[in-house]
There are 4 protein chains.
Amino acid sequence: MQRIGVLTSGGDSPGMNAAIRAVVRKAIYHGMEVIGIKRGFNGFIEGDMEPMHLGSVADIVHRGGTILHTARSEAFKTPEGRARAWENVDRFGLQGLVVIGGDGSFQGAGLFHREYGLPVVGIPGTIDNDIAGTDFSIGFDTAVNTAVDAINRIRDTATSHERTFIVEVMGRDTGFIAIASGLAGGAESILIPEQPFSLDDICDKLCRGYRRGKLHSIIVVAEGAASGLEIGKQIKERTGFDTKVTILGHLQRGGTPTAFDRILASRLGARAVELLMAGRTSKVVGLVAGEVVESDLHRVIGEKKKVDLNLYRLASILAI
Amino acid sequence: MQRIGVLTSGGDSPGMNAAIRAVVRKAIYHGMEVIGIKRGFNGFIEGDMEPMHLGSVADIVHRGGTILHTARSEAFKTPEGRARAWENVDRFGLQGLVVIGGDGSFQGAGLFHREYGLPVVGIPGTIDNDIAGTDFSIGFDTAVNTAVDAINRIRDTATSHERTFIVEVMGRDTGFIAIASGLAGGAESILIPEQPFSLDDICDKLCRGYRRGKLHSIIVVAEGAASGLEIGKQIKERTGFDTKVTILGHLQRGGTPTAFDRILASRLGARAVELLMAGRTSKVVGLVAGEVVESDLHRVIGEKKKVDLNLYRLASILAI
Amino acid sequence: MQRIGVLTSGGDSPGMNAAIRAVVRKAIYHGMEVIGIKRGFNGFIEGDMEPMHLGSVADIVHRGGTILHTARSEAFKTPEGRARAWENVDRFGLQGLVVIGGDGSFQGAGLFHREYGLPVVGIPGTIDNDIAGTDFSIGFDTAVNTAVDAINRIRDTATSHERTFIVEVMGRDTGFIAIASGLAGGAESILIPEQPFSLDDICDKLCRGYRRGKLHSIIVVAEGAASGLEIGKQIKERTGFDTKVTILGHLQRGGTPTAFDRILASRLGARAVELLMAGRTSKVVGLVAGEVVESDLHRVIGEKKKVDLNLYRLASILAI
Amino acid sequence: MQRIGVLTSGGDSPGMNAAIRAVVRKAIYHGMEVIGIKRGFNGFIEGDMEPMHLGSVADIVHRGGTILHTARSEAFKTPEGRARAWENVDRFGLQGLVVIGGDGSFQGAGLFHREYGLPVVGIPGTIDNDIAGTDFSIGFDTAVNTAVDAINRIRDTATSHERTFIVEVMGRDTGFIAIASGLAGGAESILIPEQPFSLDDICDKLCRGYRRGKLHSIIVVAEGAASGLEIGKQIKERTGFDTKVTILGHLQRGGTPTAFDRILASRLGARAVELLMAGRTSKVVGLVAGEVVESDLHRVIGEKKKVDLNLYRLASILAI
């Protein structure tokens, strides 16, 4: 293998730059060349690609976002789009491709591999953490710490009685961020899409807490479970407590990546290059039980990882 | 003067603990005793008060919130409430009172002074920064940095084209936080209650920016100017751009106070004690043009400080 | 089991409070009582102990340090000291003990268990991460992020040519923090006690980097490998490059714990209580391959966990 | 005025990028062109200069360091060096120059103005804060917050008795950072170059504190007053207390700039352009008593601003 491409695709996540750096430097270390593809599959189709050197990835390990930019590509879902990308594979002499992103990105990579045979390896990068084949995807740890930092700040305030804070975190389909940040932040209740919840129970718990002298209560809501504003409104109606709502939104995607995410990204990026060198293709790398492993791309695609409900229950016990 | 009381009242703000520490230590340094009053005027009425020592304020200079807790007191607005507070003045032997809080707290302190003659000094503590008699109130600098940190994180993400981020910050009546965080964060537009705005103009500016290649736009909205969610919805309708909304809410009240807020709090707290010692009462301390000054309490009450529209215009020029 | 004690011992680490909270709340959840023992084994000997309630551990999950304080106890190494502690076991009716700390603390706990039979469970809390029986000890992730934050800041500066930054991190006997922070921070070289190093090689690498246009180089030094100041002096002598030294020291022990450390502490604390309830004693809980596990206390004591030299080599490859 | 140059020179400081952004955008807003000069006066001499556009300064307002890089230039101190720079003024058609830096940079700018008549305006950027003509120089507020953050972390730890922490901060000739961070951080003692100190007094104070039950003491040392390591060694010898030393070094120059520094930089940058447009040259802009003002360059050069010893004394009173 002489020359490979690398791209970031889908929603960005903190640590993607560290993964790009690892792919580029590991490949160069082994004497290969790397072509950076801009704006995900869009740049692949349009030939927005350029050689990357050691210096191209200097001083990016600590930057949020992705220097290659990212996009969701409708065009790559069409045969015409992929055909144009294949022309660029040819034109730039690519013999392999590393795709950093989430499930949708892996689907595109898998399809392209099946149609054109280009060796591809996926690296899971999404703050949602719901990709199969890895215990952690790049960016999750940073996003959780961002949410926990918000909870910390709210914890400082609100020493008035009978006040409830709602923090809406990301997670359209899944409660990974909500569970982790709620457990780490000591939230009184956590609402996730995977579990039904009863506003009556939540309000009962709030009332019991305040009777016992709690100065404030914090409820973490995954956006996929409910609207934070709506929850706040309903709690106020039922209990009369003052409710204050914070919606974190996209700030969870940014920030300098944590050490955990950078180390994860470095390890996965390096392994992705090794897989391509070893001719092991159509794989996704991941961290399972502390070890870097590979999974078949087609097994990972479309399979959502499940949240650990033990952590959800632990959070509830510790918030009594 | 042998013994003074200190309380925090109204909405809390980061740096209030540093002010309490300064009042307690400065008073003890001069041989006086300090009684800490809990939960604002409520604790004053109920006699929830206790002596503070050097160690009572150890290791609090860096903590958000207030160790004395705070509350808004309806009872203190009644003659009966103030009469009960006066009994506690007598019971605890207070000869002076330091009130850390905002306009409402100063009103209560002023009324109490007029009725009972207890010497009082106010220290401006509110993130809103709209108290007259001081260029900066305690907590404002921290709140602005919190908002700017959120904007930083959003800046990392969203490299997709034609995406607009809305950040709703605090400021029910005033744009101090919005202007400072928008200017410091490099926001494209800033919406404040003090200035009319046109959504057409904002959308035009967004479109021009994207045509010129801007990868993202950030709009800071003071809660008193508009609802962040509503602005997001309307921009999407008019431009078709994807809009993402963050509502910071009460997390702006928390966090470890900045060096600026701690130094401000330390200086104002120490001066408040000096004023009481010098028999100068019914005053508010403040920082004006870099110097600690005193103002008459009755002049500060009810007078809202105006935002500096030059900064607002500068933000607009620098965001072209 | 009706009543257990909990103490923190040895050097403190961020996340110990989250572990205390988990022990207290989990035990109360199961109908048990918890006695908090102050200042490690010293408080155990002196009977500086008091009941803990749900509220005792409110709002501490995000605080660095330990609310129970910690100390190294010479007295507990003597038979007389342990005899006095046993009297307090009797006096307070303790039926089990949770010890949060490092190797020395576990030795004390193990000895006490052998002599007096009190059921004990250890929870590994130390930033050094060298305790056997767990992949991560509480506080390590926070300490690494603190070191990485320092490296980030240094990375911003020093765009002058031919300047080398040395960052001395903790690790008297081991390079865990140095390797993790060096890898995550993108350091050019990492010096650890476990590996010999050659200043000539380091200087050669620096010179090659500068010839290639590197604007700065960062060297992370574990305190056990060398003195940062000495390394700085010698590099300057050999290369003529300007060298600047940062010694992080004890600030690595503080700071608000990361989400990872809090979740780890919560899980380990809860499991420790479960072990005591199940009559499984003389154990250490830990996280191995992502799962909470138990190990025999006597196997963990005195056995230092080894650093992962693969990460060390990976850091070197990615810093070419 | 049609075209101006901008450069950063001397030691870098956080917020310089915000100043560059303000200069570039303000100038373009008024229809002027801006040439960015790289690596301070070195790039000026070598013609390492290029046009800056609106997009050149996008997404830099939050970055530490300076995108134009900086250097100390020996060559610009020679008539030959300045003559070569003058050729570049001619070649690039510069009609004015903005120099962001400290005293040494202003000297160079002043000399060049006298010799060749090019209109110049200086913007004070240095973490040391000792430049005359301004209450605050760009980067000082960020550096102080960095030092305070370090003190915060140390405050969390060390609950063992009789332990003393020494934090060495920057300030070769001046105690600005030491006083501000020591006051804000609640340090027990502050050592600055401007004031003699007695180790006997410091040790007495430490001993009194520990007898009164203080769990730890923190001493902030400006590098120009003493070596932190030496102070630690001597205190240990005299008192027997365990001393732990942190040397912050260059990490104080980095980090994302605070809101204060960005707003300061934005205001000063915009005013610098206005002065050039108004034909007011050989000036330094600054913030005095909250207002942006101008001073004559030759009055600022060589005049060190004095620290405010009232703050130094206040810190001492509040640390009793």
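Here is a short chat about a predicted model, covering a chain pair, a helix crossing and an annotated residue.

Trainee: What kind of axis relates chain C to chain D?

Mentor: Try laying chain C on chain D: a rotation of 180° does it, with 0.0 Å of shift along the axis and an RMSD of 0.0 Å. That is why the relation is that of a two-fold axis.

Trainee: And which residue of chain C has its C-alpha nearest that axis?

Mentor: Start with the contact surface: 100% of the contact residues of chain C recur in chain D, so the same surface serves both copies. As for the C-alpha nearest the axis in chain C, it sits 2.4 Å away and belongs to Ile247(C).

Trainee: How are α9(B) and α11(D) oriented to each other?

Mentor: Helix α9 of chain B spans residues 259-277, and helix α11 of chain D spans residues 309-318. Their axes come within 11 Å and cross at roughly 75°. Angles from 65 to 115 degrees fall in one class, so α9(B) and α11(D) are roughly perpendicular.

Trainee: How many nonpolar residues does the contact of α9(B) with α11(D) have?

Mentor: On the α9(B) side you've got Ser266(B), Arg267(B) and Ala270(B), and they meet Leu311(D), Leu314(D) and Leu318(D) in α11(D). Sorted by class, there is one charged residue and one polar, and the nonpolar ones number four.

Trainee: Which helix of chain A holds Asp103(A)?

Mentor: That's the residue covered by a "binding site" annotation in an unreviewed UniProt entry. Leaving out residues up to four places away in sequence, Asp103(A) touches Ile131(A), Val300(A), Ile301(A) and Gly302(A). Its helix in chain A covers residues 103-116 and is α4.

How values were computed. Residues are numbered from 1 along each chain as its sequence is written. Chains are lettered from A and ligands numbered from 1 in the order in which they are written. This is a predicted model: local features need pLDDT of at least 70, side-chain atom pairs count only at pLDDT 80 or more; totals for chains, interfaces and linings use all residues. Side-chain values use heavy atoms; hydrogens and water are left out. Copies are superposed by least squares on the C-alpha atoms of residues with pLDDT of at least 70 in both. Contact means heavy atoms within 4.5 Å. UniProt positions are given in the numbering used here, feature names are shortened, and annotations may be inferred rather than shown by experiment. Helices (H or I, at least four residues) and strands (E, at least two) are DSSP runs, numbered from the N terminus. Axes are lines fitted to C-alpha atoms, for helices over the stretch in contact, and angles run from 0 to 180 degrees between N-to-C directions. Angles under 35 degrees count as roughly parallel, over 145 as roughly antiparallel, 65 to 115 as roughly perpendicular and the rest as oblique. Ala, Val, Leu, Ile, Met, Phe, Trp, Tyr, Cys and Pro count as nonpolar, Asp, Glu, Lys and Arg as charged, and the others, Gly among them, as polar.
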